[in-house]
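Visitor: I would like a close look at one helix in this model and at what packs against it. After that, please go through the enclosed spaces and any unusual backbone geometry.

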Amino acid sequence: MAGIYIHIPFCKQACHYCDFHFSTSLKKKQEMLQALEKELVMRRDELKDEVVETIYFGGGTPSVLDVHETDRLIDSVRKQYTVGEDPEVTLEANPDDLTEEKIEGLAASKVNRLSIGIQSFFDEDLKFMNRAHNAEQARTALQKARDTFDNISIDLIYGIPISDDKRWEENISIALSYEVPHISSYALTVEPGTALKKFIEKGVVPGVDDEQAEAQFQYLVRRLEEKGFVHYELSNFGKPGYFSRNNTAYWQGKTYLGIGPSAHSFNGRERAWNISNNSLYIKSIQAGQLPLEVETLSQRDRYNEYVMTGLRTMWGVSLQRIEKEFGGHFRDYLLEQAERHIADRYLYLDGDILRVSQKGKFLSDGLAADLFMLPLEKKK
């Protein structure tokens, strides 16, 4: 099983917190579409022995594409790759793009899953983040989508400095009222080079309160689990049968091919990424050259990768798999490093599986980093 991720590097405007690669100019959209199609052709041998089960349009804002442009790229995938009988085809969309006409067009297209970037149902939060939509558009778009699509995910952001716990609780209540089967929720993070980072440094807006963010995360987990959602990955909650197949494959270390500027690829042994520049990407593809860098992962890299992804999920980290794939030393090292976190009840052993406790979930990435095998480690 493999997945294909297609990065659509265009947005109407820049959100203050975002450090993803995109352009607010659509002038090169047609050239970009042609380049994406050509890269799909150029890289088809990379998945020649794989069946593509998921196609994911991320960005940027993929919903800036017309429906026929989205279908055109899906047709290109089907032409060049072996695609499963019932692939999950996800399109990330912003509420302001989801007019009734657009939703109906998508419902008739080859897209069968929508991931809607709501982020918040309150105008104050949306203005703070510089989102392109407002609260009314969020509600209207979600209702129209819910009337048309069965498989919908929405994004919500917690830890917003100008917000409070009451508003966060209301956000969750509103989301639940639409009975969406999947919710992805992320802590607001302050990334280098973003407008949010500069605003905080200048004292224009308050910084993120980690304690508030953790409290809101814990409330989110409790509330969604009460409503029948499964917390299958740190930021992802799905009703049974509605886990994102794309996300699940990523966190379980399956092969995926990243198409487009800044897109990443992984095949279990190597990680590759395309240049994060639209013009240079297009120019390189037009010249018949792949604008990517490739890193061959060492045994230590692959161990670290598995620990990081495994601890973020409900599947945890298998000690048996560690020993089988990396050797007994790695298993012993993992248990040694995990010992104090187990004592502090952030981690626990469930038979052969090392998992993060409810207490430790918010700290998953930091806990994983403590279990990494660092380059200075001399043991073999």
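Guide: What follows starts with helix α1 and its two helix partners, then turns to a cavity, a pocket and two backbone details. The model is predicted.

Helix α1 covers residues 29-42, and helix α2 covers residues 67-80. Their axes come within 9 Å and cross at roughly 15°. Angles under 35 degrees count as roughly parallel, and α1 and α2 are therefore roughly parallel to each other. The crossing of this pair is right-handed. On the α1 side, the residues in contact are Lys29, Gln30, Leu33, Gln34, Leu36, Glu37, Leu40 and Val41. They meet Glu69, Arg72, Leu73, Ser76, Val77 and Gln80 in α2. Sorted by class, the contact of α1 with α2 has 6 nonpolar, 4 polar and 4 charged residues.

The other partner is helix α10, residues 278-286. The axes of α1 and α10 come within 9 Å as well, but cross at roughly 50°. That angle makes α1 oblique to α10. The crossing of α1 and α10 is left-handed, whereas that of α1 and α2 is right-handed. From α1, the contact with α10 takes in Glu31, Met32, Ala35, Leu36, Lys38, Glu39 and Met42. From α10 come Asn278, Tyr281, Ile282, Ile285 and Gln286. The classes here are 7 nonpolar, 2 polar and 3 charged residues. Leu36 of α1 appears in the contact with α2 and again in the contact with α10.

Next, the enclosed space. The structure holds 1 cavity of 30 Å³ or more, and the largest cavity has a volume of about 40 Å³. Its lining consists of Asp125, Ile157, Tyr158, Gly159, Ile160, Ser163, Trp168, Asn171 and Gln216. Strand β5 (152-158) and helix α6 (165-177) each supply at least two of the residues in this lining. By class, the lining of the largest cavity divides into 4 nonpolar, 4 polar and 1 charged.

Among the pockets, the second largest has a volume of about 310 Å³. It is lined by 22 residues, and those closest to its centre are Gln252, Gly253, Tyr306, Thr309 and Arg321. At least two lining residues come from each of α9 (245-251), α11 (299-311) and α12 (319-326). The largest share, 5 residues, is that of α11. The lining of this pocket has 9 nonpolar, 8 polar and 5 charged residues.

Two backbone details remain. Gly59 and Gly60 are joined by a cis peptide bond, with omega at about 25°. Gly60 lies in the loop between β2 (52-59) and α2, and α2 is the helix that runs roughly parallel to α1. The second detail is Glu179, which has a positive phi of about 55° although it is not a glycine. Glu179 is placed in the loop between α6 and β6 (182-187), and α6 also supplies residues to the lining of the largest cavity.

How values were computed: Residues are numbered from 1 along each chain as its sequence is written. This is a predicted model: local features need pLDDT of at least 70, side-chain atom pairs count only at pLDDT 80 or more; totals for chains, interfaces and linings use all residues. Side-chain values use heavy atoms; hydrogens and water are left out. Axes are lines fitted to C-alpha atoms, for helices over the stretch in contact, and angles run from 0 to 180 degrees between N-to-C directions. Helices (H or I, at least four residues) and strands (E, at least two) are DSSP runs, numbered from the N terminus. Angles under 35 degrees count as roughly parallel, over 145 as roughly antiparallel, 65 to 115 as roughly perpendicular and the rest as oblique. A crossing is left-handed if the near helix is turned anticlockwise from the far one by less than a right angle, and right-handed if clockwise. Contact means heavy atoms within 4.5 Å. Ala, Val, Leu, Ile, Met, Phe, Trp, Tyr, Cys and Pro count as nonpolar, Asp, Glu, Lys and Arg as charged, and the others, Gly among them, as polar. On a 1 Å grid over the protein atoms alone, a cavity is a set of points where a 1.4 Å probe fits but cannot get out, and a pocket is an open set with protein on both sides within 12 Å along at least five of seven lines; lining residues have an atom within 4 Å of a point. Grid points are joined across faces, edges and corners, and a volume is the space filled by probe spheres set on the points.
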